[in-house]
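This report covers strand pairing, the nonpolar core, residue exposure and charged contacts in one chain. The sequence and the model come before the discussion.

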Amino acid sequence: MAIRKLFVTDLDGTFLRPDHTFDRQALKEILKQFKEKGYLFVAASGRSLLSLESVFHGFEEDMAFLAENGSLLSYQGQMIFQDQPIKPSVYLPLIESLN
């Protein structure tokens, strides 16, 4: 499937209800319609990837996850992007020179 559009939403305080739930039947229907149109729904959060997959258990194959404040992107069980943190060997000399 060629992806024509991405729909990305934050979770806490945006997509999820205050009790951290959502209408599972409505999402199922939305994802079905999105698939027909070539759209992809992306859940974005500062949460871990495992947390996002847990919240959306059963929908993992039909959506993508942007986790850990954008440092991980997963789609259909494959890691699409994983940010590499700055190595201590790079930042420690900078901190030392600033001191």
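Leu73 is a residue of strand S4. The model is a predicted one, and Leu73 counts as partly exposed in it, at 25% relative accessibility. Setting aside neighbours within four places in sequence, Leu73 is in contact with Ala64, Phe65, Leu66, Gln78, Met79, Ile80 and Phe81. Its bridge partner, with Leu73 in S4, is Leu66. The C-alpha atoms of Leu73 and Leu49 are separated by 8.5 Å, and these two residues are 24 apart along the chain.

Ser74 also belongs to strand S4, which spans residues 72-75. Ser74 counts as buried, at 4% relative accessibility. Apart from neighbours within four places in sequence, the contacts of Ser74 are Leu49, Glu53, Ala64, Phe65 and Ile80.

**Strand pairing**

The pairings involving S3 and S4 are listed below.

| Strands | Sense | Bridges | Residues standing opposite or paired |
|---|---|---|---|
| S2 and S3 | parallel | four | Phe41 and Met63 |
| S3 and S4 | antiparallel | four | Leu66 and Leu73 |
| S4 and S5 | antiparallel | four | Leu72 and Gln82 |

The hairpin of S3 and S4 has four residues between the strands, and Glu68 takes a positive phi near 50 degrees there. S4 and S5 form a hairpin as well, with two residues between them. In that turn Gln76 has a positive phi of about 50 degrees. Four of the five residues of S3 are buried, so strand S3 is largely enclosed by the rest of the structure.

**Nonpolar core**

Which residues touch the most other members of the largest nonpolar core? They are Phe22, Leu27, Phe56, Phe59, Met63 and Phe65, out of 18 residues in this core. Helix H2 (24-37), S2, H3 and strand S3 (63-67) each supply at least two residues of the core. Leu27 touches Phe15, Phe22, Phe41, Phe56 and Phe59, when residues up to four places away in sequence are not counted.

**Surface**

A nonpolar patch on the surface is formed by Ile86, Val90, Tyr91, Leu92, Leu94 and Ile95. Together these residues have about 570 Å² of accessible area. Ile86 lies in the loop between strand S5 (78-82) and helix H4 (88-98), and counts as exposed at 57% relative accessibility.

Is Lys35 buried or exposed? Lys35, in helix H2, is exposed, with a relative accessible area of 54%. Lys35 and Ile3 are 32 residues apart in sequence, and their C-alpha atoms are 8.9 Å apart in space.

**Charged contact**

Side chains of opposite charge can pair when their charged atoms come close. The count of salt bridges in the model comes to one. The side chains of Arg47 and Asp12 meet in this salt bridge, at 2.7 Å from N to O. Arg47 lies in the loop between strand S2 (39-44) and helix H3 (49-55), and Asp12 lies in helix H1 (residues 11-15), so the pair ties together parts that are 35 residues apart in sequence. Asp12 is partly exposed, with a relative accessible area of 34%.

Definitions and conventions:
Residues are numbered from 1 along each chain as its sequence is written. This is a predicted model: local features need pLDDT of at least 70, side-chain atom pairs count only at pLDDT 80 or more; totals for chains, interfaces and linings use all residues. Side-chain values use heavy atoms; hydrogens and water are left out. A salt bridge is a side-chain nitrogen of Lys or Arg within 4 Å of a carboxyl oxygen of Asp or Glu. Buried means under 20% relative accessible area, exposed over 50%, partly exposed in between (1.4 Å probe, protein chains only). A nonpolar core is a set of buried Ala, Val, Leu, Ile, Met, Phe, Trp, Tyr and Cys residues joined through side-chain atoms within 4.5 Å. Contact means heavy atoms within 4.5 Å. Patches are made of residues with over 30% relative accessible area and no salt bridge: like charges are joined within 9 Å, nonpolar side chains (Val, Leu, Ile, Met, Phe, Trp, Tyr) within 5 Å. Accessible areas come from the Shrake-Rupley method with a 1.4 Å probe; for residues, only the protein chains shown count as cover. Two strands pair if DSSP finds at least two bridges between them.
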